[in-house]
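Here's a walk through a fold, strand by strand. Keep the viewer open and follow along.

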Amino acid sequence: MTDVTDVTGPRLVVGALIRDPRDRIFVQRRALDRRLFPGCWDVVGGAVEEGESLLDALHREIAEETGWRLRRVLARVAREEWTADGVRHIESDYVVEVDGDLSSPELERDKHTEFAWVAADDVSLLDENLGGGGGAFIKDIVTAAHLWLAEASRKSRGDS
């Protein structure tokens with residue numbers, strides 16, 4: 001008999017809400033043959049490996065999934081818990097800036113088939129996830145990133 005109790009605890013996950021100079025957020029579509037959330041829009045990210053910090057995981061995931069390099073973390077905008085395949089995940093999502101050619105990410109083509117830059121007015125694109133089993137999670141965190149960016153912009157202008 002196999003014990004299905006998770007004795008290792010929750011799996012830590014990071015998400016990078018990569019912003020461009022126009023305050024758009026980078027998303028990529030998961031391939032149709034992916035086990036979790038096939039065909040859904042997603043942000044860059046993944047599981048934190050053993051011995052790795054959240055920041056180290058952000059650096060690695062951004063490089064692996066886009067070829068870009070993390071320049072700086074601007075803010076954590078979400079911390080969510082979710083379960084998939086019986087495993088509890090704790091995900092931390094960060095608005096970040098990267099270095100590299102933002103017009104030409106090096107997608108992992110076996111995992112991601114296309115990309116888009118989503119402006120605050122374009123988040124309805126992410127409603128496609130509702131039909132694919134991805135729910136509203138990606139739209140919610142992209143919206144949270146846009147809200148944070150708008151507030152940061154307002155503060156930097158000195159608006160009250």
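Which strands form an open sheet, and in what order? Three of them do, lined up as β3-β2-β7, and the pairing is antiparallel. Bear in mind throughout that this is a predicted model.

## The overall picture

The protein chain has three helices and seven strands. Going along the sequence, the elements come as β-β-β-β-α-β-β-β-α-α.

As for dimensions, the radius of gyration is 16 Å, which agrees with the value near 15 Å for a compact globule of 160 residues. Along the principal axes, the C-alpha atoms fill a box of roughly 65 × 30 × 30 Å. Buried residues account for 39% of the 160. If you look at contacts between residues at least 6 apart in sequence, 65% of them join residues at least 24 apart.

On the outside, there's about 8900 Å² of accessible surface, and carbon and sulfur atoms own 49% of that. The chain carries 21 positive and 32 negative charges, and the mean positions of these two sets are 4 Å apart.

## The open sheet

Back to β3-β2-β7. Why is one side of β3 and of β7 left without a neighbour in the sheet? Both β3 (41–42) and β7 (112–118) stand at the edges with a single partner strand each, so one side of each has no neighbour there. Strand β2, residues 25–30, pairs with β7 over six bridges in the antiparallel sense. One pair to look up is Arg 30, whose bridge partner in β7 is His 112.

Just before that pair comes Arg 29, also placed in strand β2. Is Arg 29 buried or exposed? Its relative accessibility is 16%, so Arg 29 counts as buried, the cut-off being under 20%. Leaving out residues up to four places away in sequence, Arg 29 touches a group that includes Gly 39, Cys 40, Trp 41, Lys 111, His 112 and Glu 128. Ala 119, 90 residues away along the chain, has its C-alpha 16 Å from that of Arg 29.

## Strand β6 and its partners

Now for β6, residues 87–99. How many of its 13 residues are buried? The count is 10, and the strand is mostly covered. Here, β6 pairs with strand β5 (residues 69–84) in the antiparallel sense over 13 bridges, and with strand β1 (residues 11–18) in the parallel sense over eight bridges. In general, strands of a sheet pair through backbone hydrogen bonds, either parallel or antiparallel.

The β5 and β6 strands form a hairpin with two residues between them, and Asp 85 in the turn has a positive phi of about 55 degrees. For a bridge in this pairing, find Thr 83, which has Arg 88 as its partner in β6. Also in strand β5 is Arg 72, which is partly exposed at a relative accessible area of 44%. Setting aside residues up to four places away in sequence, Arg 72 touches Val 96 and Glu 97. Between Arg 72 and Arg 29 there are 24 Å, C-alpha to C-alpha, for a sequence separation of 43 residues.

## Strand β1, between β6 and β4

Strand β1 has six buried residues out of eight, so it is largely enclosed by the rest of the structure. On its β6 partner, Gly 15 stands opposite Asp 93, while Ile 18 stands opposite Val 96.

What else does β1 pair with? Four antiparallel bridges join β1 to strand β4, residues 44–47. In that pairing, Ala 16 has Val 44 as its bridge partner.

## Two loop residues with positive phi

Where is Asp 23 placed? Asp 23 lies in the loop between β1 and β2, and its phi is near 60 degrees, a positive value in a residue other than glycine. With 24% relative accessibility, Asp 23 counts as partly exposed.

Phe 37 lies in the loop between β2 and β3. Its phi is near 55 degrees, again positive in a residue other than glycine. Phe 37 is partly exposed too, with a relative accessible area of 30%.

Key: Residues are numbered from 1 along each chain as its sequence is written. This is a predicted model: local features need pLDDT of at least 70, side-chain atom pairs count only at pLDDT 80 or more; totals for chains, interfaces and linings use all residues. Side-chain values use heavy atoms; hydrogens and water are left out. The radius of gyration is taken over C-alpha atoms; the globule rule is 2.2 Å times the number of residues to the power 0.38. Buried means under 20% relative accessible area, exposed over 50%, partly exposed in between (1.4 Å probe, protein chains only). Contact means heavy atoms within 4.5 Å. Accessible areas come from the Shrake-Rupley method with a 1.4 Å probe; for residues, only the protein chains shown count as cover. Lys and Arg count as positive and Asp and Glu as negative; His and the chain ends are not counted. The place of a charge is taken as NZ of Lys, CZ of Arg, CG of Asp or CD of Glu. Two strands pair if DSSP finds at least two bridges between them.
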